[in-house]
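Biologist: Before we use any label for this model, I want to hear the reasoning behind it. Shall we go through them one at a time?

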Amino acid sequence: HYWDQLAISYGHAQQFRQEADAIANLERHAKDVQDWNMVGTDLSAMAPFYETATTLQNAKTAFERGLQLDPRNGNLVNNMGIVEQFQGNWQAALADYQKAYSLGNPLGRTNYNALQKTLADERAAAAARASDANRCIQCEVQVGQARQYIINHPGASMGEAMAVVNGH
């Protein structure tokens, strides 16, 4: 736990090279599932700030080493899903979260649902952007002018307003 706490301290101080060295020492002394989980978790926490691609790959390797010792460890599988999600491997992350939940880790279900919602929100936003890109600017302007006509001429219909706008 000494190396884990030292790595965390360096991370809080944003001394990432020293944090990486402390994690490397933790890895050298790793003996059990808990040790490999600490290595992977520390690397995952550091990844957004330091050598992201390499650090994430090393985190995945650490979690895999732990899973070699305990293949039914839901916490390790969930953590693997977090790394997959961070790397943009959505399907692998979803599969890991489902497996983690089936192995008794409740965070697997939570993370699965959260990722599904994020992906649905992103699909909806992309569809909206595509819809906006396909709009005719001239038509949008005419509809806006027609609405303004209706405001200025109470009782006018949209058809009347559009006829007036198109007649100009």
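**Labels and their grounds**

Modeller: Start with Glu84, which is placed in helix α5, residues 74-86. Keep in mind that this is a predicted model.

Biologist: What makes Glu84 count as buried or exposed?

Modeller: Its relative accessible area is 10%. Buried means under 20%. Therefore Glu84 is buried.

Biologist: Which residues does Glu84 touch, leaving aside neighbours within four places in sequence?

Modeller: Glu84 is in contact with Lys60, Asn89, Ala92, Ala93 and Asp96.

Biologist: What joins the side chains of Glu84 and Lys60?

Modeller: A polar contact of 3.4 Å. The cut-off is an N or O pair within 3.5 Å.

Biologist: Glu84 and Lys60 also appear where α4 meets α5. Why is α4 called roughly antiparallel to α5?

Modeller: The axes of α4, residues 52-69, and α5 cross at roughly 160° and come within 10 Å. Angles over 145 degrees count as roughly antiparallel. So α4 is roughly antiparallel to α5. By class, their contact has nine nonpolar, three polar and three charged residues. The crossing is left-handed.

Biologist: Which residues of α5 take part in the contact with α4?

Modeller: Leu76, Val77, Asn79, Met80, Val83, Glu84 and Phe86. From α4, the partners include Leu56, Lys60 and Phe63.

Biologist: Now α2 and α3. How do you know how α2 runs relative to α3?

Modeller: Helix α2 spans residues 16-28 and helix α3 spans residues 33-46. Their axes come within 9 Å and cross at roughly 165°. The threshold is over 145 degrees. Therefore α2 is roughly antiparallel to α3. This crossing is left-handed.

Biologist: Which residues meet there?

Modeller: Phe16, Glu19, Ala20, Ile23, Leu26 and Glu27 in α2 meet Trp36, Met38, Val39, Asp42, Leu43 and Met46 in α3. That contact divides into nine nonpolar, no polar and three charged residues.

Biologist: What is notable about the phi of Gln14?

Modeller: Gln14 has a positive phi of about 55° and is not a glycine. Most residues other than glycine have a negative phi. Gln14 lies in the loop between α1 and α2.

Biologist: Why is Gln14 called exposed?

Modeller: Exposed means over 50%. Gln14 has a relative accessible area of 58%, so it is exposed.

Biologist: And why does Glu51 count as partly exposed?

Modeller: Partly exposed lies between the 20% and 50% limits. Glu51 is at 47% relative accessibility, so it counts as partly exposed. Glu51 sits in the loop between α3 and α4. Its phi is positive too, about 40°, and it is not a glycine.

How values were computed:
Residues are numbered from 1 along each chain as its sequence is written. This is a predicted model: local features need pLDDT of at least 70, side-chain atom pairs count only at pLDDT 80 or more; totals for chains, interfaces and linings use all residues. Side-chain values use heavy atoms; hydrogens and water are left out. Axes are lines fitted to C-alpha atoms, for helices over the stretch in contact, and angles run from 0 to 180 degrees between N-to-C directions. Helices (H or I, at least four residues) and strands (E, at least two) are DSSP runs, numbered from the N terminus. Angles under 35 degrees count as roughly parallel, over 145 as roughly antiparallel, 65 to 115 as roughly perpendicular and the rest as oblique. A crossing is left-handed if the near helix is turned anticlockwise from the far one by less than a right angle, and right-handed if clockwise. Contact means heavy atoms within 4.5 Å. Ala, Val, Leu, Ile, Met, Phe, Trp, Tyr, Cys and Pro count as nonpolar, Asp, Glu, Lys and Arg as charged, and the others, Gly among them, as polar. Buried means under 20% relative accessible area, exposed over 50%, partly exposed in between (1.4 Å probe, protein chains only). A polar contact is a pair of N or O atoms within 3.5 Å; within protein, one must be able to donate a hydrogen and the other to accept it, and residues adjacent in sequence count only if both atoms are side-chain atoms.
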